[in-house]
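Work through the exercises below with the sequence and the model side by side, trying each task before reading its solution.

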Amino acid sequence: MGSKKALVGLLAPPLLWLVVAYLGALAAIFATAFFTTDPFTNEVVRTFTTENFQALLSPTYLRIIGRTLFIAVMVTVLCIVIAVPFAYFMARVAPRRLSHVLVAAVLVPLWASYLVKAYAWRTMVQPGGVLDSTFGRTPGYGFTAVVLTLTYLWLPYMILPVYAGFERLPESHLEASADLGAKGMHTFRRVILPALLPSIAAGTVFTFSLSLGDYIAVQIVGGTLQVLGTTVLQNITLDLPFAAALGTTSVVIMVFYLVAVGRTGALDNL
Amino acid sequence: MRRITILKSAALGAVAALVLTACGGGSSSSSGSSASEGGFKVPNLTALDKLGTPEGEVSVLAWPGYVEDGSNDPKVDWVSDFEKESGCKVTVKTFGTSDEAVQLFRTGQYDTVSASGDATLRLIASGDVEPVNTDLISNYPDIFDSLKMQPWNSVRGVAYGIPHGRGANLLMWRTDQVKPAPDSWSAVFDQASGQKGKVTAYDSPIYIADAALYLMATKPDLGIKNPYALDAKQLAAAVELLKAQKANVGEYWSDYLKEIQAFKNGSSTVGTTWQVIANLAQAEKAPVQVVLPKEGATGWSDTWMVGAKSQHKTCAYKFIDHIVSPKTNAAVAEYFGEAPANKKACAETVDKNHCATFHADDEKYFSQVHYWTTPISACLDGRTDVECTDYAEWTKAWTEVRNS
C-alpha cells in the first residue's frame, strides 16, 4: 500500500510536466491553428476557421513541406552511410585504445555550440571561403550547404547508437556465419544489418526529427532556401495561426514516422 | 497495452479540452480595427497627465544604432550620462524589422519603442501605445514642424509619439566587384544578373514598396503614384518584379550585423542598406559605397512611442526627452546616418555639414523619400475608384515571393 503511494508521488511531477507543459503546449499550438488574425493589427482573433489548413494545401507550401522532407531524408541517409562504416571501424577493427579516442572525438563536437558549428560551415561554403580556396569550387549557400551542415551536426547522434549496436553484436554470431560459409558482404547483409536495424532506427529518429524542424542552420548557410522551419519563423510575427498550422504539420509527420519506425520493432530494444 | 493507450488518449483529450476552453473563454483583445475612409478605430486611451518620480528603470526597444550605451563601441555612448542624471537605468533591445518591433512590443515588456511609420498605426490600433503629452517633452518645440502631427504619428489631432529622425534606404555596393558605380535601383532589379547570387534585399513585406518605387520610374503606365497605395494589379506587377529579382538574390537580410559581414566577405555585393551599415562596414575595411539612386528611395521617419501598459512612464518620457535633445539627437543622427528631428541638433553635429548632407531641413528632398507606412485598403494616394491592398495582402504577397 505504502509503495503504491510512493510510486504515485514519484511519478506525479514528471507526468504533470509531460501532460501540462509538453502535451498542453502541443495542444495549444493545435488549437491556435484554427484561429485567424485581424488584417490590420495582426493580432490573433479567436474565431474557428480551417483556412490555415486549407492554405497549407496550396502548391507553394506542399513544395516547402516536400523539400523539407527531402532534406531530412537526405541527411538521414548520408548519416547512415557515414556512420555505419565508421562505427564498424570503431567497434570491430580499431584497437581498444584508439576506439576510446575515437568515441571521445565523436562526442567532443556535441559540446561545441550549435551556432559556432553552423557559422564554421558558413565560412566553409561562402564564396572565397575554405572550400573555394582549397578546391576552387563551393556549393555556396543553398540546399547542398544545408544538407552538408545538418549531416555534420547530427552525425554524432547516429554514430553513437550504431556503435553501441555493434558492441552488443555477439562475436559468436559472426563466427557462426563464417562457419556456415558466408563471405564478408553476405554476413554484413544477412547477419549484421538486421541486428543493427534498431540502432540505426534510433539514430534516424534523431536525424530525421532534428532536420525536419531546423531553421537556424538553414538561415545561416541556406541563402534563400525555404523550409518548414524558416516558413514558421517568417509567419510567427504576422500570422501566428498559420505558423501554428505549419507546426502541427511537422508534429503530424513525426508521429507518422515514429509509428512507422515503431512497427519495424526497432524501438523495442532501446 | 490497450489500457495505457486509452489512458493516454484520455489525458490528451482532457488537456485539449482545457486548452480550447481557456483560449475561447478569454476575451479577445483585438478592438476590431479595420481601416475605412482613411480613419480607423482607436482604443480610448489618455496620455500621461504629468511626470511623477522616476521609476528607476526603463526598457527600450529600438532600431540598432539608436540607443548606444557603450557596449558596441566604448566611445559611442549617449545613454550613461542620462542614467546618471535621471536615475533611470536603461536596458535596450534591438530589432531588425518593423514586424519584429510590433510583435516584441506586444509582449508588454518594453516601455518605449522607436517605431517607423509602418509600425506606428498598427501599435496605435491594437492599443499597445497611448497618446503622448507633448507638453511633457521639453525639447518638443524645437522639433521640425514638418515632422509633427503627421499621418503616421498622430490620429485625428492626437499625438501618439515624438519624432526621432528620418532617413532613406540606400543602395550599397562593393566597389571592387560592381563596376561602374551604380546610380539606379536597376542594379538590383533589371540589371542584377551581373551579380547573380550576390544581390541582397530587405527581408520584410515592406520591401514591396521598393519594387513599386522602381516601377513608378520604369513602368509609368501602371499608374503608381504612391508606393504604399497599390491596387491588386499594381501589387501583382511588383510581385513579378520581386520574383524575377529572387533569381539573383543570395540572401535576404534583416539582421544588420549579418549584412555587414556579408558585404565584408563578398557574399553580398549589391543591395539595399542603411547608412549606419555602410559606415560600420567601411570601418571594418570593406570596400563599399552608398548612393541614393535617381528613382528616389523608401525611407523612414521614426517616432518614439510610450507603452500603454508601461510601469515606467516617467522614465520613458525622460528618456525620450533626452534622445531628442540637441546634443543626443545630433549624436544619434551622425552615428546612424540620418537627418535629426531637432532643429538645434544641426549646430551640435561633429561634421558641420551633417544636416546639409542628410537634408534635415530639405522638404523637397524628402518628397522623393517615401517613408515606411502601413498600407491600408483606403488608397493612400487618394484614389477612391479602387481598393488598395492592405498589409495583410502584402504579407501574403511577400511570402509568395520568398517561396517562389
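**Exercise 1. Find how strand 11 of chain B is joined to strand 8 and strand 9 of chain B, and place these strands in their sheet.**

Begin with strand 8 (residues 170–174) of chain B, which runs antiparallel to strand 11 of chain B and is joined to it by 4 bridges; strands here are DSSP runs of E with at least two residues, helices are runs of H or I with at least four, and both are numbered from the N terminus. Across this pairing, B:Leu171 stands opposite B:Thr272.

Next, turn to strand 9 (residues 199–202) of chain B, which runs parallel to strand 11 (residues 270–273) and shares 2 bridges with it, where two strands count as paired if DSSP finds at least two bridges between them. Here B:Val199 faces B:Val270, and B:Thr200 stands opposite B:Gly271.

Finally, put the strands in order: the sheet is open, has 5 strands in the order 10-9-11-8-12, and its pairing is mixed. Strand 10 (249–253) and strand 12 (288–291) of chain B each have a single partner strand and stand at the edges, so one side of each is left without a neighbour in the sheet. From one strand to the next the twist averages 25 degrees, an angle between N-to-C directions that runs from 0 to 180 degrees, with axes fitted to C-alpha atoms.

**Exercise 2. Decide how far chain B of the model can be trusted.**

The model is predicted: local features need pLDDT of at least 70, side-chain atom pairs count only at pLDDT 80 or more, and totals for chains, interfaces and linings use all residues. Residues are numbered from 1 along each chain as its sequence is written, while chains are lettered from A and ligands numbered from 1 in the order in which they are written.

First take the whole chain: chain B has a mean pLDDT of 87, with 90% of its residues at 70 or more, pLDDT being the predictor's confidence in each residue, from 0 to 100. Then look at residues 21–38 of chain B, where pLDDT stays under 50. For the complex, the predictor gives an ipTM of 0.70 and a pTM of 0.79.

**Exercise 3. Is B:Thr395 buried or exposed, and which residues is it in contact with?**

Locate B:Thr395 in helix 13 (residues 391–402) of chain B. B:Thr395 is buried because 24 other C-beta atoms lie within 10 Å; the cut-offs are 20 or more for buried, 12 or fewer for exposed, and partly exposed in between, with C-beta atoms placed from the backbone.

Then list its contacts, which are pairs whose C-beta atoms lie within 7 Å: leaving aside neighbours within four places in sequence, B:Thr395 touches A:Leu238, A:Asp239 and B:Pro205. B:Pro205 is 190 residues away in sequence, yet the two C-alpha atoms are 5.3 Å apart.

**Exercise 4. Describe chain A, and then its helix 12.**

Chain A has 12 helices and 2 strands, and 35% of its 270 residues are buried. Its C-alpha atoms fill a box of roughly 75 × 70 × 35 Å along the principal axes.

Now follow helix 12 (residues 240–263) of chain A, whose 24 residues reach 35 Å from first C-alpha to last, close to the expected 34 Å, which is 1.5 Å times one less than the number of residues. Its buried residues include A:Leu240, A:Pro241 and A:Phe242. After helix 12 comes A:Gly265, with a positive phi near 80 degrees.

Methods. Contact = placed C-beta atoms within 7 Å.
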